[in-house]
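Please find below a colleague's note on the structure shown. The points are numbered so that each may be checked against the coordinates in turn.

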Amino acid sequence: MDVAHANAARGGLEEWGLDVDMRNQGQAMKLRAGSKALIREINVALVLDVVRAQEPVARAVIAAATGLSPATVTGITHQLLQSGLLTETTEADVRRGTGGRPARLLRLGRNAVFAAGVRLAASEAVVVLVDLGGDVVDTHRETLDSTDPARATAAIARGVVKVAASRPMAELLGVGVAVTGIVDHSGVVRHSGSLGWEDVPLRQLLRAGLDAPVVISSYVDSLASGELLFDARLEARDVIVFSVGASLGASVVVQGRIHRGFDGAAGGFAHWRASSASGDRRPCHCGAVDCIETWSSGWGIEREFERLGMTAATAPAEVRHDVYAAAADRLGVAMANACKMFGPERVLVTFTSEADREMLAEHTERVFAEEFAHEIAPAPAFDLTSAEDAAIGRGVACVVLGQMFRADLSLDSAFEPRQAAR
């Protein structure tokens, strides 16, 4: 990203006290505690968030939704318009009221800032560039010849440079990378069976090749983040998002926010134990046996066909049916048990490209429903969907974008502190 162009894109942001470099404690704003700038920056986030949720929206609506005075809203939106973070509707789109001047409506700007999102898999890194409104504007694929962390991070850096070059006049807010497995708050991939990684400091490795803030997330948290930021149906809702693909994952959403747990390991669904009446004990890549991962993930299903001396493509129809039925049985029961514990109003099950949705979805949903046959409370709504590779990259880019819409003063941040990024 051209430094001069990036600085130009910032325009009046620094004057206004808004710093789109999010490396300071992981926040979209460069917060200065105890100062007027802190209050102003919180107000900027409030304004942007209302526009995100309700665009196109009038200034009067923003004032009513945020509790800010009309004068304050006018001042903030003026600066955001100058910086390109907001745009104003054309005369043809003006909404006229009952009297007085017609209100000009505001939308998020689509050309000033972008976030890069990466879906890292064993064979490739899919890199997308996402604008402030959550739309994918460019996609690039980098083939991986190895899952060696150094080679993988080099491929990610190449991909990010290529997609960022398509918008040389814009500011790159940051880079999000989604991986399968368990990721902690410091950006270390504690375990990823599909990549064969243990305790890989992915964020630290990427800092050496990227001049941008970096966030690391799991596939399922990335998918949940994309849904939460730009789907009003999930706002302030209690939801569990499950991902089914090469690996399994779960994201617990409480009142519209992802619950990440004490060390970032919340939602470790893949390594719940699955009972086996036949005594068939399946070793997992985590070192345990009979994890749900060994039965119901793409990795586990592939290993089972290998044990039988065949593949999913060569297996007789009856054997193929039995393998997938066993996978769906355990998946449906485990999902139901998770819901009985957390009590969500909705379940979203997303099948990634590595999963055979046709073989798993219907059976899993039926088993899930049967688990609630004798419950007093009804089963939560159960939605099935498929996620293209770019959807996961978009989701983790939304983790980056999300920092623009809230001034989070907590220490629980997905981004590295500024001093660690130097």
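1. Helix α13 is a suitable place to begin. Spanning residues 389-402, this helix has 14 residues and reaches 20 Å from its first C-alpha to its last, close to the 20 Å expected at 1.5 Å a residue. The reader should bear in mind that the model is predicted.

2. How many of the residues of α13 are buried? The helix is mostly covered, with 11 of its 14 residues buried. Among them are Asp389, Ile392, Val396, Cys398, Val399, Val400 and Leu401, together with the glycines Gly393, Gly395 and Gly402. These buried residues pack against the strands β3 (113-120), β4 (124-131), β5 (136-143), β6 (171-179) and β10 (214-218), and also against helix α8.

3. The strands that meet α13 belong to an open sheet of five, in the order β5-β4-β3-β6-β10, with mixed pairing. At its edges stand β5 and β10, each of which pairs on one side only. On average, neighbouring strands of this sheet are turned by 20° against each other, direction ignored.

4. Within that sheet, six bridges join β3 and β6 in the parallel sense. Phenylalanine 114 has leucine 172, in β6, as its bridge partner. Helix α13 packs on the sheet through contacts with β3, β4, β5, β6 and β10, and its direction makes about 135° with that of β3. Helix α6 (residues 149-164) lies across β3, β4, β5 and β6 and runs at about 145° to β5.

5. The next point concerns the nonpolar interior. The largest nonpolar core has 39 residues, and those with the most contacts inside it are Leu48, Ile62, Leu80 and Leu132. Helix α13 supplies the largest share of this core, namely seven residues. A second, separate core has 33 residues, including Val244, Cys339, Phe351 and Ala355. As a general matter, nonpolar side chains tend to be buried together in soluble globular proteins.

6. A further open sheet of five strands has the order β13-β12-β11-β14-β15, and its pairing is mixed. Strands β13 (257-259) and β15 (381-386) stand at the edges with a single partner strand each, so one side of each is left without a neighbour in the sheet. The twist from one strand to the next averages 25°.

7. In this sheet, strands β11 (residues 239-244) and β12 (residues 248-254) run antiparallel and are joined by six bridges. Valine 239 stands opposite valine 253 in β12. Helix α11 (residues 317-342) packs on the sheet, where it touches β11, β12, β14 and β15; the direction of α11 makes about 160° with that of β11. Helix α8 lies across β11, β12, β13 and β14 (346-351), at about 40° to β12.

8. Helix α8 thus appears in both settings: the buried residues of α13 pack against α8, and α8 also lies across strands β11 to β14. One residue of α8 (residues 219-230) is leucine 223. Is leucine 223 buried or exposed? With a relative accessibility of 9%, leucine 223 falls under the 20% cut-off and therefore counts as buried. Leaving aside residues up to four places away in sequence, leucine 223 touches Ser243, Thr350, Ala387, Ala391 and Ile392. Of these contacts, Ile392 is among the buried residues of α13. Leucine 223 is also 8.9 Å from serine 251, C-alpha to C-alpha, although the two are 28 residues apart in sequence.

9. Helix α10 (residues 298-307) merits a brief remark. Its buried residues are Trp299, Gly300, Ile301, Glu304 and Phe305. The elements that cover them include α9 (292-296), α11 and α12 (357-370). Glycine 309, which follows α10, has a positive phi, near 80°.

10. Finally, some values for the protein as a whole. Its secondary structure comes to 14 helices and 15 strands. Of the 422 residues, 51% are buried. Among contacts with a separation of 6 or more, 62% are between residues 24 or more positions apart. The accessible surface comes to about 18,700 Å², and carbon and sulfur atoms account for 51% of that surface.

Note on methods
Residues numbered from 1 in each chain as written. Predicted model: local features only at pLDDT ≥ 70, side-chain atom pairs only at ≥ 80, totals over all residues. Heavy atoms only, no water. Helix = DSSP H or I, 4+ residues; strand = E, 2+ residues; numbered from the N terminus. Buried < 20%, exposed > 50% of the residue type's maximum accessible area, 1.4 Å probe, protein only. Contact = heavy atoms within 4.5 Å. Areas by Shrake-Rupley, 256 points an atom, 1.4 Å probe, with all protein chains shown as cover. Pairing = 2+ DSSP bridges. Axes fitted to C-alpha atoms, helices over the stretch in contact; angles between N-to-C directions. Expected span 1.5 Å × (residues − 1). Core = buried A, V, L, I, M, F, W, Y, C linked by side-chain atoms within 4.5 Å.
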